[in-house]
Structures are given as structure tokens and as C-alpha cells.
Amino acid sequence: MVKIAGLLIAVLVALAPGPASADDLDPELRETFILANTEFTIFHEIGHAAIDQFDLPVLGLEEDAADLIAAMSMIYGHQVEADIRQSELLLMAAEIWIAEWRGEGKYSDNRHAYWDVHSLAIQRFYNIVCLVYGSNPDALPDLLDTEALPAERGFVCDKIYQQARQTMQWVLETYGRDEESRNPGFGIVVEFEEPATQVQRRMKRLLQRSTMVSRLATEISARLDWPEDILLRFARCPGNPDAYYNARVAEVTICYELLEHFEKAITEQGVEMTERVCANPATRRLFGERAGCPEGSETGAAR
Ligand SMILES: [Zn+2]
């Protein structure tokens, strides 16, 4: 009996997906998660800046439009249409919304802000996943009808993606930079405020080491015919893990505290996120090796 119990425990341990604790998470994966979410945030806030600077028509809530601009910019930037494995950063940016959704429930008496200008965190998760799937449904047949993308939503993602693509193309054709651009020389100017704490200094070093911010600033500057410079400022915002665009001064602020918040999310929920990657047939197939999913523990539990 003891032997059987021991064998059973050994089998269960072998089948347990992903790392066992936050300390087992690959440090590179943690950094990638912070950078992925920072990238999404930059594009979201730059989306607000573009809506303001070019007076873009917005049908629906501006926050949904900014999310759509962010997701589509990352799909284009990482060439997800050509290679679905490049969707890794986007799916990491989607994951934060599951963490936020749970956090909101936990810290506000289960009362989510249904009245908010932002869609519910959990809807923001599905909106991103839907665009990723819609960008290349043939490459992700096994994502459809899973917990990450119920079939009822999945069936319309192709159309939603094509609409988003058409909108983005219109913006780029109408306000894109070319030989006839009226405002050469204007674009995104990056500034790092002096961090206040050890953790913030680490976040600043991570951003500068990755070169992601300067690369995005160059790309965004070259893509649109900005009528004035937009300051992209990484700043200290004590007690406020946020990011926002200030139209009055044409400034995007991203708080170091928000980056700390991303790190906290991957520390607290990284194991659970990895388990989701391992349990979903599509994400397991694409990222299972990188996420450290054990071999031969195909469960299909997410279906
Ligand atoms: Zn926003």
C-alpha cells in the first residue's frame, strides 16, 4: 500500500505542470514578462497620444481603441502574422489582465469597476487573445474552444482582426510619414527620471539594457507624421502604479511603480500562468519548452 502510494505521488509530481514555486521561474522569463507588459503599455499610451494628436475618429470607448492599437502594433512589430510563435510577448501582455481581474476581486470586496472607462480586466485578456488568434487562425487551430478562447468568441476573431487591420492601415496611410510629410523631425522623445529606490533602479537598468524603449521610440517616430514631439517619460509616482497620456503637455508618463507591479504579478502568479501555458494545447505546443512544461504530461485540462 505504501509502495503504491509512493508510486502515485511520484507520478503526480512528474505530471505537475511547470515550475513548483516562483523561485523556480526562469529569471529571463520574468524579465521578458516585465518588458512585454511595458511594451504593451507604451503602445497603449502612444495610442491615446495618436488619437489626440491626429484627432482620430473613435467609435466606441477610447480605452478599447488604445488597447486595439497596442495589440495590433505588437502584432505588426513582432510579425506575428508570419510566425505565430512571435505572439509570446502579446500573450504575456494578455496574462496580466487575468492577474488584474483576480486582484480587483480580492482587493475591492469582489466589486469590479463595471462603470469604468476601461473594459473589465478579464475582457481585456480575451480581446488580446482574440486578435492574436484572428491574425493567424490556421496556425492556432488548437487554441479555439479552450479556456483561453471559447468557441463562441473564437469564431468571430478572424473578422475582428480584419476590421482592426483595416483601421490600422487607414491610420498609417492617412497620417503616416512619407516624402510629403509636413512635420519632419517630430517624434517620440524618451526621458528617464532618476529612480527613487533600489527596485526602480533595477527596472531602469532592465529597460536600458533591453534597448526596447529606444527601439520603439525610433519606430513610432518613423511611422507617423507627428505634429509635435511626444515626451515618453519614465517617472516616480509614489503609491500610483499607473501610466497615462497628458494631452495638455503631449506627455506619456509610465511610472516605475507600474513596472514594479508587473514584477509583483509575475512573482505572485507566475507559477499559475505557467500552469495555464502547459495545460492549454496551443500555448503548450508553442511555448511549452520555454515555459519548462514537463514532457508527456499532456492533460488538455484547459479545454
Ligand atoms: Zn488608457
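Two residues are in contact if their C-beta atoms, placed from the backbone, lie within 7 Å. The exercises below use this idea on a predicted model.

**Exercise 1.** Find which residues of α5 meet which residues of α7, and decide how the two helices are oriented to each other.

*Solution.* Begin with the residues: on the side of α5, Cys130, Leu131, Tyr133, Gly134 and Ser135 take part, and they meet Cys157, Asp158, Ile160, Tyr161 and Ala164 of α7. Sorted by class, this contact of α5 with α7 comprises seven nonpolar, two polar and one charged residues. Next, turn to the axes: those of helix α5 (residues 121-135) and helix α7 (residues 157-175) come within 8 Å and cross at roughly 90 degrees. Because angles of 65 to 115 degrees count as roughly perpendicular, α5 is roughly perpendicular to α7.

**Exercise 2.** Work out in what order the four strands of the open sheet lie, and which helices pack on the sheet.

*Solution.* Start with the order, which is β1-β2-β4-β3, with mixed pairing. The edge strands are β1 (188-192) and β3 (243-246), each of which pairs on one side only. Neighbouring strands of this sheet are turned by 15 degrees against each other on average, direction ignored. Then look at one pair in detail: β1 and strand β2 (residues 230-235) run parallel and are joined by five bridges, and Ile188 has Ile230 in β2 as its bridge partner. Finally, add the helices: helix α2 (residues 27-53) packs on the sheet and touches β2, β3 and β4 (251-255), its direction making about 20 degrees with that of β3. Helix α10 (residues 256-279) also packs on the sheet, touching β2, β3 and β4, and its direction makes about 45 degrees with that of β4.

Notes: Residues numbered from 1 in each chain as written. Predicted model: local features only at pLDDT ≥ 70, side-chain atom pairs only at ≥ 80, totals over all residues. Axes fitted to C-alpha atoms, helices over the stretch in contact; angles between N-to-C directions. Parallel < 35°, antiparallel > 145°, perpendicular 65-115°, else oblique. Nonpolar A, V, L, I, M, F, W, Y, C, P; charged D, E, K, R; others polar. Pairing = 2+ DSSP bridges.
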